[in-house]
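Student: I have a new model open. Please take me through its fold, and spell out the cut-offs as we go.

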Amino acid sequence: MRELHNLAGLKEGAARARREQRPVLVSRTRLVNSLDPLSFFASATGYRGTRNFWSDPDREVTLVGVGAAWKLETHTREDSYLKTGQEWDHLLKGAIRVPAEAPTGTGPLLLGGFSFDPLAGKTPLWEGFFDASFILPQFLLTVTGGECWLTVNVLLQPGEDVEQRGKMLAEQEDELLEAAEDFHLFPPARASFDVVEVEPDRWKKTVATAAREIREGALEKVVLARQLRLQSETSFSPEAGLYRLRERQPHSFLFAVERGEACFLGASPERLVKREGERLYSTCLAGTTRRGEDPEEDRKLGEELLSDPKNEGEHAVVVHMIREAFQQGCSQVRVPDSPTLYRVRDVQHLFTPVEGTPLPETTLLSMVQQLHPTPALGGFPQKEAVARIRETEGMDRGWYSAPVGWLDYRGDGEFACAIRSGLIRGREASLFAGCGIVGDSEPDSEYEETKLKFKPMLSALGGDGR
């Protein structure tokens, strides 16, 4: 039996819980043998409903959480960002970490996200996905710097039998690691499902109306999304979806958030904000065209995108808003003068990075709140555009295009914009894609753009893999 859970950390935590008559968090981290993080996720079948997967585009940090040592879930019109930060800080007070310092992405860490619009009406589609929902994993696998680390988190109650709890955790840890080591990933077979477009003609009319109102000066831009519904004879698999996304979207954020019987997963090209020590990073990603059939066509399409007035204007709105948000929360803000191209498997985007040094009062979550939704996801001006979406879009976005990511005990972490995504629940799935609507937007053209944006998830769920 592993000695890990019978050492000073648990005993110290139990003594503190008894002395202070409150729960105390104990977090222990150690190196483990190299594991495929997807195998760790897939083999943890006993923890379905609490599994979370996250990986950045450069695969510098991959996180897999299974089990829940602690949950934070809020359905409120109050400030869910502030409440999340306050409750996390409260939990961390008096927490015991062994060792005291470990690599980025290890130790006490939350995985989860927020809804797009807490004021929007709720439907059963997103049951289990609260306006804010985060899990402190009981077991967290972190792959970073070529090494694998396992963090075990436990919230000890006053009077708890620490020897018994330590023995149980050690057994669970051994079972998880052995299952992951023995698990063999195989390429999933192509799946068959029916695709139903949800009111495409209505969506086009909404786009036309929005473009006319923008020309009349009601607002500058609004992002309107639409939905596909998929039905299969067999259940959709989060593991198979992640496998395909990892193979086919190598330069995107990968995420999977399980809540109950449902899983929200995707491969997003767009960072919302990252905090790493005294640096904050964001991404301006707006303006889209398809990839070419060969390198020459791809180059020409990229050049056309860089010089297209409509896409250039759409991108400029995003850059302006994110720059302003950084200037309010940061010092030494750095923004390139012009965009470059960001290419992923099916599309290419206009791309401008933004970097700043956070002010003392600026936290990762306060920047998430300040930035979300960017004009690339909601529109501009922000409040008016989100209100317009709420009134006219005609569907429950839930977590689509909302902030999804992680936050650690240092205040570091990263959130992506949950686009190129879908919600799977048994034999049904809902996919979402949106377009930035401006004054000269044409409904048919925007409709075709959404078809491009649906491709990654259609492919991930086992459809056409081209």
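Tutor: First, a definition: helices (H or I, at least four residues) and strands (E, at least two) are DSSP runs, numbered from the N terminus. The model is predicted, so local features need pLDDT of at least 70, side-chain atom pairs count only at pLDDT 80 or more, and totals for chains, interfaces and linings use all residues. Residues are numbered from 1 along each chain as its sequence is written, and side-chain values use heavy atoms, with hydrogens and water left out.

Student: How many helices and strands does the protein chain have?

Tutor: Count the DSSP runs of each kind. The protein chain has 11 helices and 23 strands.

Student: What radius of gyration does the protein chain have, and why does that agree with a compact globule?

Tutor: The radius is taken over C-alpha atoms, and the globule rule is 2.2 Å times the number of residues to the power 0.38. The C-alpha atoms fill a box of roughly 70 × 50 × 40 Å along the principal axes. For 466 residues the rule gives a radius near 23 Å, which agrees with the chain's 22 Å.

Student: What percentage of the residues is buried?

Tutor: Buried means under 20% relative accessible area, exposed means over 50%, and partly exposed is in between (1.4 Å probe, protein chains only). Of the 466 residues in the protein chain, the buried share is 58%.

Student: Among contacts between residues at least 6 apart in sequence, what share joins residues at least 24 apart?

Tutor: A contact means heavy atoms within 4.5 Å. Take the contacts between residues at least 6 apart in sequence; the share joining residues at least 24 apart is 78%.

Student: Which peptide bonds to Pro 99 and Pro 381 should I look at, and are they cis or trans?

Tutor: Most peptide bonds are trans. Pro 99 sits in the loop between β5 (96-98) and β6 (109-114), and Pro 381 in the loop between β19 (379-380) and α10 (382-392). The bond from Val 98 to Pro 99 has omega near -5° and is cis. From Phe 380 to Pro 381, omega is also near -5°, and the bond is cis.

Student: Where is Gln 332, and what is its phi?

Tutor: Most residues other than glycine have a negative phi. Gln 332 is in strand β16 (residues 330-334). Its relative accessibility is 53%, so Gln 332 counts as exposed. Its phi is positive, near 55°.

Student: And Gln 21: buried or exposed?

Tutor: Gln 21 lies in the loop between α1 (8-20) and β1 (24-32). Its phi is positive too, near 55°. At 58% relative accessibility, Gln 21 is exposed.

Student: How many aromatic pairs are there, and how are Tyr 47 and Phe 139 arranged?

Tutor: Rings of Phe, Tyr and Trp (its six-membered ring) pair if their centres lie within 6.5 Å; planes under 30 degrees apart count as stacked, over 60 as edge-to-face and the rest as tilted. The structure holds 16 aromatic pairs. For Tyr 47 and Phe 139, the centres are 6.3 Å apart and the planes at 80°, so the pair is edge-to-face.

Student: How many residues apart are Tyr 47 and Phe 139?

Tutor: Tyr 47 is in the loop between α2 (37-43) and β2 (52-55), and Phe 139 is in strand β8 (residues 139-144). Tyr 47 is buried at 18% relative accessibility, and Phe 139 is buried at 0%. The pair links distant parts of the chain, 92 residues apart.

Student: Next, Phe 193 and Phe 236: what kind of pair are they?

Tutor: Their ring centres are 5.8 Å apart and their planes at 55°, so the pair is tilted. Phe 193 lies in strand β10 (residues 193-197) and Phe 236 in the loop between β11 (221-232) and α6 (238-248), so the pair ties together parts 43 residues apart in sequence. Phe 193 is buried at 15% relative accessibility and Phe 236 at 10%. The kind asked for is tilted.

Student: Which residues do ring pairs link into a cluster?

Tutor: Follow the ring pairs from residue to residue. The cluster is Trp 126, Phe 129, Phe 255, Phe 264, Trp 399, Tyr 400 and Phe 432.

Student: Which residues does Leu 38 touch, not counting those up to four places away in sequence?

Tutor: Leu 38 lies in helix α2 and is buried, with a relative accessible area of 1%. Leu 38 and Ala 240 are 202 residues apart in sequence and 9.8 Å apart in space, C-alpha to C-alpha. Beyond four places in sequence, Leu 38 touches Phe 53, Leu 185, Glu 239, Leu 242, Tyr 243 and Arg 246.
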